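Me: I've got a model open and want to press you on the labels people attach to it. Can we go through them one at a time?

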Amino acid sequence: MREFVDSLNIRAIVLQSKGQLEPAIADYSESIKIAKQLVDRDPGNGTLQRFMSNVMANLSDVLLQAGRTDEALSTLEASIAVKRRLQAADPGNSTWAYELSVSLLTIGQAQFQREKTTEALAFLQEARERM
């Protein structure tokens, strides 16, 4: 099942790169749905959780491209929540710290574009502190 999720994610990346946003959104969404099922079966598996959070971040990127900002921010916040849990469980993991920082920068920039400067600054400051 993991291989199928990986293939959906890769196809979504290709579709997104070709500007086919709605099919990419569908594939990312299906990939997340299946990844959540896998995580539910093995909740201690940080690798699966990381994969799921990265697919969520990918989905948020394409949702932003499609102008679906509220959905993008909600998805990115869910991704960040997973990444924060992973980072808290393994504070010395530089990969997880980096990925969390990138997501915090992304959401900070999105909030800034929405003229939500207070929220944007909080996310950007947290990203800076984690780098």
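Reply: Sure, what follows is a set of questions on labels and the values behind them, and keep in mind that this is a predicted model.

Me: How do you know that α6 spans what a helix should?
Reply: Helix α6, residues 117-130, has 14 residues and reaches 20 Å from its first C-alpha to its last. That is close to the 20 Å expected at 1.5 Å a residue.

Me: What puts the buried residues of α6 on the same side?
Reply: The buried ones are Ala 120, Phe 123, Glu 126 and Ala 127. They cover an arc of only 135° around the axis, so they sit on the same side of α6. In general, residues three or four places apart on an α-helix point the same way, because there are 3.6 residues a turn. Thr 118, Leu 121, Arg 128 and Glu 129 are exposed on the other side. As for partners, the buried residues of α6 pack against α4 (69-89) and α5 (94-113).

Me: Why is Gln 111 called buried?
Reply: Its relative accessible area is 6%, and buried means under 20%, so the label fits. Gln 111 belongs to helix α5. Leaving aside neighbours within four places in sequence, Gln 111 is in contact with Leu 73, Glu 77, Lys 116, Glu 119, Ala 120 and Phe 123.

Me: And what makes Ser 60 buried?
Reply: Ser 60, in helix α3, has 1% relative accessibility and therefore counts as buried. A polar atom of its side chain lies 2.7 Å from the backbone oxygen of Ala 57.

Me: Why is the pair of Arg 50 and Glu 99 called a salt bridge?
Reply: The closest N and O atoms are 2.4 Å apart, and the cut-off is 4 Å, so the pair qualifies. The two are 49 residues apart, with Arg 50 in helix α3 and Glu 99 in helix α5. Arg 50 is partly exposed at 29%, whereas Glu 99 counts as buried at 14%.

Me: What makes Glu 126 and Arg 84 a tie between separate parts of the chain?
Reply: They form a salt bridge, with the closest N and O atoms 2.4 Å apart. Glu 126 lies in helix α6 and Arg 84 in helix α4, so the pair ties together parts that are 42 residues apart in sequence. Glu 126 is buried, with a relative accessible area of 17%, while Arg 84 is partly exposed at 31%.

Notes. Residues are numbered from 1 along each chain as its sequence is written. This is a predicted model: local features need pLDDT of at least 70, side-chain atom pairs count only at pLDDT 80 or more; totals for chains, interfaces and linings use all residues. Side-chain values use heavy atoms; hydrogens and water are left out. Helices (H or I, at least four residues) and strands (E, at least two) are DSSP runs, numbered from the N terminus. The expected span of a helix is 1.5 Å times one less than its number of residues. Buried means under 20% relative accessible area, exposed over 50%, partly exposed in between (1.4 Å probe, protein chains only). The arc is that of the directions from the helix axis to the C-beta atoms. Contact means heavy atoms within 4.5 Å. A polar contact is a pair of N or O atoms within 3.5 Å; within protein, one must be able to donate a hydrogen and the other to accept it, and residues adjacent in sequence count only if both atoms are side-chain atoms. A salt bridge is a side-chain nitrogen of Lys or Arg within 4 Å of a carboxyl oxygen of Asp or Glu.
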